[in-house]
Amino acid sequence: MPCWGRLRAVAAAQDRAGSLIEIGALRALALAAKGEERAAVDALAGALVIACPQGYVRVFADEGPPMAALLGRLITAQRTGRAAADVPLGYLVWLQRAFDTGHPATEPGPVAVSGIVAPLTSRELEVLLMLAAGRSNQAIARELVVTLDTVKKHVGHVLCKLGAANRTEAVARARELSVIP
């Protein structure tokens with residue numbers, strides 16, 4: 001079993017998502033450096049599928065221009081239907097902004113997607129991901145260290161911007177628009 005496979009097996013056995021993400025990102029860069037374009041894009045997509053629900057950015061942004069170039073190739077592959085995994089557009093935009101601004105983003109910026117009334121702010125996207133994970137308003141408030149009223153405002157904005165009547169409909173619409181996985 002190749003080194004990557006062993007590392008991945010150990011991380012998976014110990015349920016270490018962060019390690020799986022880092023292994024996938026570094027594997028993608030190594031494959032790109034070897035000129036294995038398709039495998040590199042697939043490896044990056046696999047890492048991003050794991051990273052998206054938890055909002056990982058820094059592990060990718062810290063890798064600098066080589067990762068930015070690989071991310072660009074993944075976005076192109078997804079647009080042309082050649083990517084192995086479907087990573088949500090909102091997450092890809094967030095990651096791309098981390099490279100475009102010249103420093104790693106700590107939160108996503110507004111995500112403009114066709115079919116949404118207005119762009120989602122970074123916090124609204126974060127709340128939407130937590131809604132999709134089934135978290136209650138109280139759990140979201142604890143995790144974001146904000147009041148329950150603040151969470152309710154964010155949820156209300158998400159519903160309005162997605163044209164949804166409730167949380168379930170908002171999550172379904174966001175998935176339909178590829179804003180979240």
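A residue counts as buried when its relative accessible area is under 20%. By that cut-off, 41% of the 181 residues of the chain are buried. Keep in mind that this is a predicted model.

**Stop 1: the whole chain**

Show the chain as a cartoon. You will find ten helices and zero strands. Follow the sequence from start to end, and the pattern reads α-α-α-α-α-α-α-α-α-α. Now think about contacts between residues at least 6 apart in sequence. Of these, 56% join residues at least 24 apart.

**Stop 2: helices α7 and α8**

Select residues 122–132 for α7 and residues 137–144 for α8. At what angle do α7 and α8 pack? The angle is about 130°, and the axes are 10 Å apart. That makes α7 oblique to α8, because an angle counts as roughly perpendicular from 65 to 115 degrees and as roughly antiparallel over 145. The crossing of the pair is right-handed.

Turn on side chains here. From α7, pick Arg123, Glu126, Val127, Met130 and Leu131. They meet Ile140, Glu143 and Leu144 of α8. Colour this contact of α7 with α8 by class: five residues are nonpolar, three are charged and none is polar.

**Stop 3: add α9**

Select residues 148–162, which form α9. Start with its packing on α7. The two axes are 9 Å apart, at an angle of about 90°. Helices α7 and α9 are therefore roughly perpendicular to each other.

Which residues of α7 meet α9? They are Arg123, Glu124, Val127, Leu128 and Leu131. On the α9 side, look for His154, Val155, His157, Val158, Lys161 and Leu162. This contact of α7 with α9 has six nonpolar, two polar and three charged residues. Arg123, Val127 and Leu131 deserve a second click: they meet α8, and they also meet α9.

**Stop 4: α8 against α9**

Hide α7 and keep the other two. Helices α8 and α9 pack at about 110°, with axes 9 Å apart. That makes α8 roughly perpendicular to α9, because the range for that label runs from 65 to 115 degrees.

In α8, select Asn137, Gln138, Ile140 and Ala141. In α9, select Leu148, Val151, Lys152 and Val155. These two groups meet. The residues in the contact of α8 with α9 divide into five nonpolar, two polar and one charged.

**Stop 5: the buried side of α8**

Stay on α8. Which of its residues are buried? Select Asn137, Ala139, Ile140, Ala141 and Leu144. Then bring back α7 and add α10, residues 167–176. The buried residues of α8 pack against α7, α9 and α10. Ile140 is one to watch: it is buried, it meets α7 and it meets α9.

**Stop 6: the loop after α8**

Move to Val145, in the loop between α8 and α9. Most residues other than glycine have a negative phi. Is the phi of Val145 positive or negative? It is positive, about 55°, although Val145 is not a glycine. Val145 counts as exposed because its relative accessible area is 72%, and the cut-off for exposed is over 50%.

Val146 also sits in the loop between α8 and α9. Its relative accessibility is 26%, so Val146 counts as partly exposed. Leaving out residues up to four places away in sequence, Val146 touches Ala141 and Val151. Both of those residues appeared at the contact of α8 with α9.

**Stop 7: Arg73**

Jump to helix α5, residues 65–79, and select Arg73. Its relative accessible area is 30%, so Arg73 is partly exposed. Not counting residues up to four places away in sequence, Arg73 touches Ala32, Glu37 and Val41. Now measure from Arg73 to Arg38, C-alpha to C-alpha: the distance in space is 9.3 Å. In sequence, Arg73 and Arg38 are 35 residues apart.

**Stop 8: two cysteines**

Finish with Cys52 and Cys160. Is Cys52 buried or exposed? It is buried, because its relative accessible area is 2%. Cys160 has 54% relative accessibility and so counts as exposed. How many disulfides does the structure hold? It holds zero.

Notes. Residues are numbered from 1 along each chain as its sequence is written. This is a predicted model: local features need pLDDT of at least 70, side-chain atom pairs count only at pLDDT 80 or more; totals for chains, interfaces and linings use all residues. Side-chain values use heavy atoms; hydrogens and water are left out. A disulfide is a pair of cysteine sulfur atoms within 2.5 Å. Buried means under 20% relative accessible area, exposed over 50%, partly exposed in between (1.4 Å probe, protein chains only). Axes are lines fitted to C-alpha atoms, for helices over the stretch in contact, and angles run from 0 to 180 degrees between N-to-C directions. Helices (H or I, at least four residues) and strands (E, at least two) are DSSP runs, numbered from the N terminus. Angles under 35 degrees count as roughly parallel, over 145 as roughly antiparallel, 65 to 115 as roughly perpendicular and the rest as oblique. A crossing is left-handed if the near helix is turned anticlockwise from the far one by less than a right angle, and right-handed if clockwise. Contact means heavy atoms within 4.5 Å. Ala, Val, Leu, Ile, Met, Phe, Trp, Tyr, Cys and Pro count as nonpolar, Asp, Glu, Lys and Arg as charged, and the others, Gly among them, as polar.
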